[in-house]
Amino acid sequence: MSQFKRVTALGCLSLGALLVAGCGGSDNDSQDSKAIDITLLHTNDHHSYFEGQTYDLALDYDASQPGAEPVRVDLGGFPRIATAIEDYRDDHTLVLNSGELNGTLYFSLFKGEVDFKVFNSIGLDAYELGNHEFDEGEAHLAELMTLADFPIIGGNVHPTTDSPLYGSNIEPYVIKEIDGELVGIIGVLKVEKTRESSLVTDAVAFDDEIESVRAHINELKGKSVNKIIVLSHLGYEFDQVLAANVRDLDVIIGGDTHDVLDATGEFEGMGIDVDGSYPTVVNNPDGEPVYIAQAWEYAKGLGRMNISFDADGRVTTATGHVELLVGDRFQIRDDNDDWVEASSEQQAGITSAIDNLTTVRQVAEAEDVLALIAPYKAELEAYKQESLGTVLAPMPFTRIPSDFAPGEQPSGSYAAQVVAEAFLSYLPKADVAIQNAGGVRAALDDGNFTVADAYTILPFSNTVVTIDMTGAQIVKVLNEALDYAQGISASTGAFPYSANLRYDVVLGAEAGTGIRNVEVKDKTSGTWSPIDATATYSVATNSFTALGKDGYVTFGEVRAANPDTFEDSDVAYAVPLLEYFRDELADNTLPPLDPANYSLKSVTTAQP
């Protein structure tokens, strides 16, 4: 943990130096301000990825055949991030994380315990809550926060007395003292997405994101703080809106949207798509620059921003990049297009190519973090060994489908289709099943399918439910989901896939009209017929969308109007998929997608 003084909105806490509770400024208020340099080391959206992961980078490493060639590396992971942080950390460094748990079997099994212990180990100076921190409910988050040795911030998050999070020490901001100068770090969370895409309840109140940041900047200015960072979980586009609308803000370290930012040109040269510049510069209402950055996703790398402030707290320079951290073992493709270990000569060429890059660095894994993770990994690996069956053809999980005509190879999330079919198979009462694309977090790869695969695909602590509703309500909720997936929230995970339902999709159509020609398959006869607007159907879905989340408003309305229409099976989210392989599939084998039973009959894009 960095040994900086930490001042909270309610008073002062000590991390290495005693400050008097209730203080408003610092013990140097009478001194003249001065110029300082600081370094921000930051991560975001790790989604419970801890270990390095296989990734292919295009590198110019072969002198005999100049030009970029694919090199398979072991990329990122918190043991490497921890090493890099310790290499860079000094008395002018802040280590920040803008949140987001859940996504791997580590979270499914250990519910954030590993995450927070790793963050304790690397010594975060501030952690902003993400929307997925609420996936296990407020009581679990409150319990999880007791493990943290680092400040957890969320300036627009206000648990009421009815929430288990009440009194859990979510701070609006922290103040760090660096070389006698005060630096404020304000937290802010995207409200709509958190409300719609987590299990947070109405017992937690939220302030408007922009107004919240403005108010806390004013508070900080009253505490003689003129160097202000926002640690944001709003997303890249929203961060730019925030910067353009708020005065006296210097830097935004963001997350949520997993954007790749780079100004060196090296990422594109390595075959990585880039979403914007690192840092992205947006002028505030006074024409002053605000510097925005985030560090991609899944612990693949570490953001490193070097900032110089003048004596008045204005940023004079802000430079940096996301650094991709790799191991020292590499693979290349041989003449048969197979991946093989690089020869010693090739390894030397690859190492030389990496040494010539700014954005890639070979880093050893920190032994203490490896040791911390090891017992959890051993338990996880033992659990993962059980095989469920075989997948004959890859089932991708692309959320928003591309255009295809009837009879052509369908696009979209085959994986979400499989999950919907598993729900339908598991719940005899259900006539149809609907699954949101974002509730499925990975593809079903061809080959052996294991318990671990099932929990990686469905990592959330949802249950499987049924809701009785009319055909007209089903069509309405499908359109709500489609509209939400394409709306301002950019929540592409809302896109609906189904079992025993199929429909034509028009992307970009007028709201409420994009899902067309809906048909229902009879479970007994197997025949398809147009949906009956007045008939009642039992719809299987997950407990998350059943609350009306992710834009599925009608689910929530039907349930609220008549609770008897709703039934929770109390079956964990992944169980139907496990049982589908074990008990329903012939020879425990998942066949290739059958286009005749796929939920999307066609996809077209509306003409402007």
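**View 1. Strand 27, covered on both faces.** Leu501, Tyr503, Val505 and Leu507 point one way from strand 27, Arg502, Asp504 and Val506 point the other way, and all of them are buried. Buried here means under 20% relative accessible area, with exposed being over 50% and partly exposed in between, using a 1.4 Å probe and protein chains only. Put as a count for strand 27 (residues 501–507), seven of its seven residues are buried. Strands are DSSP runs of E with at least two residues, helices are runs of H or I with at least four, and both are numbered from the N terminus. One housekeeping point: this is a predicted model, where local features need pLDDT of at least 70 and side-chain atom pairs count only at pLDDT 80 or more, while totals for chains, interfaces and linings use all residues. Residues are numbered from 1 along each chain as its sequence is written, and side-chain values use heavy atoms, with hydrogens and water left out.

**View 2. The partners of strand 27.** Strand 27 runs antiparallel to strand 28, and four bridges join them; pairing requires DSSP to find at least two bridges between two strands. Look for Val505, whose bridge partner in strand 28 is Ile515. Strand 27 also runs parallel to strand 33 (residues 600–605), this time with five bridges. There, Tyr503 has Leu600 as its bridge partner.

**View 3. Strand 6 and its two parallel neighbours.** Strand 6 (residues 93–97) is mostly covered, with five of its five residues buried. Thr93, Val95 and Asn97 sit on one side and Leu94 and Leu96 on the other. Strand 3 (residues 36–43) pairs with strand 6 in the parallel sense over five bridges, and Leu41 has Val95 as its bridge partner. Strand 7 (residues 126–128) pairs with strand 6 in the parallel sense too, over two bridges. In that pairing Leu96 is matched with Ala126.

**View 4. Helix 1 against helix 10.** Helix 1 (residues 78–88) packs on helix 10 (residues 367–384) at an angle of about 155°, with the axes 8 Å apart. The axes are lines fitted to C-alpha atoms, for helices over the stretch in contact, and angles run from 0 to 180 degrees between N-to-C directions. So helix 1 is roughly antiparallel to helix 10, given that the label applies over 145 degrees, with under 35 being roughly parallel, 65 to 115 roughly perpendicular and the rest oblique. The crossing is right-handed, meaning that the near helix is turned clockwise from the far one by less than a right angle (anticlockwise would be left-handed). Phe78, Pro79 and Ala82 from helix 1 meet Val369, Leu370 and Ile373 from helix 10, where contact means heavy atoms within 4.5 Å. The contact residues come out as six nonpolar, no polar and no charged. In this scheme Ala, Val, Leu, Ile, Met, Phe, Trp, Tyr, Cys and Pro are nonpolar, Asp, Glu, Lys and Arg are charged, and the others, Gly among them, are polar.

**View 5. A five-stranded open sheet with helices packed on it.** The strand order is 26-23-30-25-31, with mixed pairing. Strand 26 (496–499) and strand 31 (566–572) are the edge strands, each pairing on one side only. Neighbouring strands of this sheet are turned by 25° against each other on average, direction ignored. Strand 23 (residues 432–436) and strand 30 (residues 536–542) run parallel, joined by two bridges, and Val432 stands opposite Val539 in strand 30. Helix 15 (residues 553–561) packs on the sheet, touching strand 23, strand 25, strand 30 and strand 31, and its direction makes about 80° with that of strand 25. Helix 13 (residues 471–485) lies across strand 23, strand 25 (463–470), strand 26 and strand 30, running at about 125° to strand 25.

**View 6. Backbone oddities.** Most residues other than glycine have a negative phi, and most peptide bonds are trans. Asn517, in strand 28 (residues 515–521), has a positive phi of about 55° although it is not a glycine. Asn588 likewise has a positive phi of about 55°; Asn588 lies in the loop between helix 16 (575–584) and strand 32 and is partly exposed, at a relative accessible area of 29%. The peptide bond from Tyr278 to Pro279 is cis, with omega near -10°. Pro279 is found in the loop between helix 8 (266–269) and strand 15 (280–283).
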